[in-house]
Amino acid sequence: MSTDTVTDAFEEHRPVLLGVAYRMLGRVADAEDVVQEAWLRWAGGDRSAVREPRAYLVRVTTRLAIDRLRQIKVRGETYVGPWLPEPYLTDFGDTTPDTAEQVVLTDSVSLAVLVVMESLSPLERAVFVLREAFGYPYSDIAAMLDRGEPAVRQLAARARRHVEERRPRYDVDPAQRRDLTERFLAAAAGGDLEGLMKLLAPDVRLVGDSGGKSRAPLRVLESADKVGRFLVGVTRKGFPDASVRLLELNGGPAALVLIGGRPDTVFQLDVVDGRVQAVYVIRNPDKLRSLEAAG
């Protein structure tokens with residue numbers, strides 16, 4: 001291949017590689033590092049035996065992501081307060097040929113599912129992502145991971161059972177979620193506790209991720225009363241030079257709050273039966289850097 005051809009082949013598959021790496025790691029910066037390392041191996045390696053560039057690149061990216069996950073677990077990193085994945089701008093565009101596939105991709109990148117996936121082993125997570133999100137046959141996954149197909153099937157079954165048992169149920173209708181997000185923001189910004197209470201499910205949960213680097217609850221808040229009063233209390237303090245932008249993050253509508261034009265907070269809702277079942281609040285500044293361009 002010429003240099004241009006090598007680059008074009010890689011760039012064609014970059015969105016898929018980034019999608020695999022992010023679902024594996026839940027961190028945009030780590031995913032981008034992994035994809036960059038995959039590029040270096042692709043550009044500097046022997047490609048003479050590569051018949052299917054996409055399969056080869058997904059294999060390399062998956063293995064690099066597994067290694068990165070293992071390093072993170074070995075380091076035993078501690079985190080202050082609840083942990084949420086880094087917000088990920090999603091725009092599937094022409095890469096999703098039908099609605100059914102988009103639903104699968106959206107679900108596999110949602111905050112709720114990524115939180116559950118954090119408790120999977122690196123191999124379980126790799127198999128789950130490749131099988132459930134991207135639909136790879138077990139035989140292909142086995143070849144990518146140098147494992148026997150029966151072992152891969154066992155990993156897939158264990159991972160799927162774990163995720164299904166722990167994942168919260170939520171509605172995926174984007175129009176309904178966007179409408180509820182807009183009404184939620186209006187009620188919260190206006191200090192309308194009564195209006196908020198009408199939108200919140202009785203057992204709603206608010207999960208705040210600050211990493212100890214900004215103000216957010218260090219424990220999950222539960223119940224409509226606690227969540228509603230917290231949100232109204234925060235907004236009543238006032239935020240000068242604040243603006244809000246609605247955008248798509250992790251496959252669903254979300255609100256990006258900007259202070260002085262810089263990302264400050266991300267709000268995203270899980271909706272069940274027309275009520276807000278979960279409120280995710282991300283305020284860790286390290287996790288908002290990738291959204292600076294979105295501001």
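Two strands count as paired if DSSP finds at least two bridges between them, and strands themselves are DSSP runs of E, at least two residues long, while helices are runs of H or I of at least four, with numbering from the N terminus. With that in hand, hello everyone, and let's start at a hairpin. Strand 5 (residues 262-272) and strand 6 (residues 275-282) pair in the antiparallel sense through 7 bridges. Val 266 has Ile 282 of strand 6 as its bridge partner, and Asp 270 sits opposite Ala 278 of strand 6. Between the two strands of this hairpin there are 2 residues, and Asp 273 in the turn shows a positive phi of about 55 degrees.

A quick word on what we are looking at. This is a predicted model, where local features need pLDDT of at least 70, side-chain atom pairs count only at pLDDT 80 or more, and totals for chains, interfaces and linings use all residues. Residues are numbered from 1 along each chain as its sequence is written, and side-chain values use heavy atoms, with hydrogens and water left out.

How far does the predictor trust the chain? pLDDT is its confidence in each residue, from 0 to 100. The mean for the protein chain is 88, and 91% of its residues reach 70 or more. Confidence is highest in strand 2, at 97, and lowest in helix 4 (residues 99-108), at a mean of 58. Over residues 92-101 pLDDT stays under 50, and the model has 9 contacts beyond four places in sequence for that stretch; contact here means heavy atoms within 4.5 Å.

Now back to the sheet. Our hairpin belongs to an open sheet of 6 strands, in the order 2-1-6-5-4-3, with mixed pairing. At the edges are strand 2 (221-222) and strand 3 (242-249), each pairing on one side only. Strand 3 runs antiparallel to strand 4, joined by 8 bridges, and one of the pairs there is Ala 242 with Ile 259 of strand 4. That hairpin also has 2 residues between its strands, and Asn 250 takes a positive phi near 50 degrees. Strand 1 and strand 6, on the other hand, run parallel, with 6 bridges, and Gly 208 is matched with Val 281 of strand 6.

What about burial? Buried means under 20% relative accessible area, exposed over 50%, and partly exposed in between, with a 1.4 Å probe and protein chains only. In strand 6, 6 of its 8 residues are buried. Asp 209, found in strand 1, counts as buried because its relative accessibility is 0%. Its contacts, leaving out residues up to four places away in sequence, include Tyr 79, Trp 83, Ile 282, Arg 283 and Lys 287.

Finally, the helices. Axes are lines fitted to C-alpha atoms, for helices over the stretch in contact, and angles run from 0 to 180 degrees between N-to-C directions. Helix 9 (residues 174-189) lies across strands including strand 1 and strand 5, at about 125 degrees to strand 5. Helix 11 (residues 224-236) also packs on the sheet, and its direction makes about 50 degrees with that of strand 1.

Away from those two, the axes of helix 6 (residues 122-133) and helix 8 (residues 149-166) come within 8 Å and cross at roughly 85 degrees. Angles under 35 degrees count as roughly parallel, over 145 as roughly antiparallel, 65 to 115 as roughly perpendicular and the rest as oblique, so helix 6 and helix 8 are roughly perpendicular. Among the residues making the contact are Phe 128 of helix 6 and Leu 155 of helix 8. Thanks for listening!

Notes:
pLDDT = per-residue confidence, 0-100.
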